[in-house]
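Trainee: Please choose one part of this structure and take me through it closely, and then place it beside other parts of the model.

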Number of protein chains: 2
Amino acid sequence: MINPLVMFLARRDDLSADEIAAIETLTLNHQEIKAGGAMIRQGDRPHSSILILEGFAARAHYLADGKRMISALHIPGDYVDLHSLLLDQMDHDVTAVTDCRIALTGHPEVRRVTERMPHLARLLWLSTTIDAAMHRAWIVALGRMSPLSHMAHFLCEMYVRLNVVGHTSDYNFRLPITQIDLADMLGLSVVHVNRTLQDLRATGYVTWAGASVSIKDWNALREVAQFDPVYLNLQKHPR
Amino acid sequence: MINPLVMFLARRDDLSADEIAAIETLTLNHQEIKAGGAMIRQGDRPHSSILILEGFAARAHYLADGKRMISALHIPGDYVDLHSLLLDQMDHDVTAVTDCRIALTGHPEVRRVTERMPHLARLLWLSTTIDAAMHRAWIVALGRMSPLSHMAHFLCEMYVRLNVVGHTSDYNFRLPITQIDLADMLGLSVVHVNRTLQDLRATGYVTWAGASVSIKDWNALREVAQFDPVYLNLQKHPR
DNA sequence: CGCTTTATTGACCCGAATCAAGTAGAGTGG
DNA sequence: CCACTCTACTTGATTCGGGTCAATAAAGCG
């Protein structure tokens, strides 16, 4: 089983043997989290960073009236809170959407590696800037796309990201999230998510039953979503 | 005139004299951009990074049907595309909302400084993670807040950010953006922005005439906006 | 002082929320 | 093995927030 962070980074730039070894060392301390459990809570001041090895996790923000918004969905290979190395205090929760296996790394250790290996440091920095780029794509979709396009965009993004870490085969992948979660990612009501999902299925471009997604017509889906993967920085070159 | 990036960073951590000098050296090459002009265009592969010294700039994304969405508003002290150091290609425009003075720094030079000064490198990294945190706050507001709360939140954020770089006096500041820009930041129509703005004025918590904003009741505005500045990482401590 | 851009207002309409019920599975325990 | 429960999913009816269209007023500004 290859470390998904290695896959994530190696897709974007060549990694030296030393760098791969450093990543392996950073991600030795494993832990299991049950679905629904919290990895990080609002108000925490983490002293270690969390990498997802298996499973899905969501960044959840709660408003005063109990409304929830999910600002990101994280998958294997994502450093969920690398930035906690730099930030004061978490302003939101990160919760396991499915059972997860994670790797914990103490901040001092992360810092030591980044100071010793500037190129690897840049790649970790890169991973946080890709997070920011995904946030921007979500902002655009929330602000100016129809629910149908937004949902299609979400599926395109998930397909590409899961593909990078080896979690797709052909155009099939597992996406074990509820319509409730999806509603809180798209900023819609559950009812409307359900109806939009039916519209999307009706196009025939994609099937989604239970946790199994299958993209039947990638180009058509891309078209609906106006999806351009540039923001995911999939080009491999020296960084 | 103090370098606004120094103000931005010095608010979050102590800077050594060497670090301040390095920042000054990085930001020597000034340039003027007229309102409406492009700093960066979608598709560009920048080989230098842009810091805003004076003025406002917006990250603008255009959809196929001509709709525009603004994913971020940048102010003096913001490194608008520090991340272009790491990314392939810009997937959006950055345009001057007002006349701007910017500083350009070649990527090799930025890289050299980050490799030589790991602490300063971390602070620059921090600035990009604060961008990401602001993106998340916008996602939450777009997805789950009422237009009135969203607008109030936007004003709270702008006040705090402008305050950090010395562009406020008491609760007054200049915010020279049109309702058209605002609509594209809030994901609303111009008409509705106009009406929401009237509702906000009607509360009496804030006045906004032309480019002049004045917050009359900060606590009440914060309340409406459910604004908690934690995500802006204003605490000063070693990073 | 025209000309263009921005701000404002009103009428109308539609997309998505809300409310309310009902269905379907997946566990769980007797 | 079946009743019970809990959660997720689905559907219909109704409401309402916000979009669209259209016209006018008010600034800027060359």
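Mentor: A helix here is a DSSP run of H or I with at least four residues, and helices are numbered from the N terminus. Please keep in mind that this is a predicted model.

Let us begin with helix α8 of chain A, which covers residues 218-225. Its buried residues are Trp218(A), Ala220(A), Leu221(A) and Ala225(A). Viewed down the axis of α8(A), these buried residues fall within an arc of 165°, so they line one face of the helix. The face turned away from that buried side carries Asn219(A) and Glu223(A), which are exposed. As for what covers the buried residues of α8(A), the elements of chain A that do so include the helices α5 (147-164) and α7 (190-203), together with the strands β10 (206-209) and β11 (212-215). Just after the helix, Gln226(A) adopts a positive phi of about 50°.

One of the covering elements, α7(A), leads us to the DNA. This helix gives the most to the surface near DNA strand D, namely four residues. Helices α6 (179-186) and α7 of chain A and helix α7 (190-203) of chain B each supply at least two residues of that surface. Of the 13 residues around DNA strand D, those that come nearest are Gln179(A), Asn194(A), Arg195(A), Gln198(A) and His192(B). Sugar and phosphate make up 61% of the atoms of DNA strand D that come within 4 Å of the protein. Some of the distances can be given in detail. A polar side-chain atom of Asn194(A) is 2.6 Å from a phosphate oxygen of DNA strand D. For Gln179(A), a side-chain N or O atom is 2.7 Å from a phosphate oxygen of the strand, and for His192(B) the corresponding distance is 3.4 Å.

We may now turn to the sheet in chain B. Four strands form an open sheet there, in the order β8-β9-β11-β10, with antiparallel pairing. Strands β8 (168-169) and β10 (206-209) of chain B stand at the edges with a single partner strand each, so one side of each has no neighbour in the sheet. Helix α5 (residues 147-164) of chain B packs on this sheet and touches β8, β9, β10 and β11 of chain B, and its direction makes about 90° with that of β9(B). Within the sheet, three bridges join β9 (residues 172-174) to β11 (residues 212-215) of chain B. Asn172(B) has Ser214(B) as its bridge partner in β11(B).

Terms used:
Residues are numbered from 1 along each chain as its sequence is written. Chains are lettered from A and ligands numbered from 1 in the order in which they are written. This is a predicted model: local features need pLDDT of at least 70, side-chain atom pairs count only at pLDDT 80 or more; totals for chains, interfaces and linings use all residues. Side-chain values use heavy atoms; hydrogens and water are left out. Buried means under 20% relative accessible area, exposed over 50%, partly exposed in between (1.4 Å probe, protein chains only). The arc is that of the directions from the helix axis to the C-beta atoms. Contact means heavy atoms within 4.5 Å. Two strands pair if DSSP finds at least two bridges between them. Axes are lines fitted to C-alpha atoms, for helices over the stretch in contact, and angles run from 0 to 180 degrees between N-to-C directions. A residue is near a molecule or strand if one of its heavy atoms lies within 4 Å of it. A polar contact is a pair of N or O atoms within 3.5 Å; within protein, one must be able to donate a hydrogen and the other to accept it, and residues adjacent in sequence count only if both atoms are side-chain atoms.
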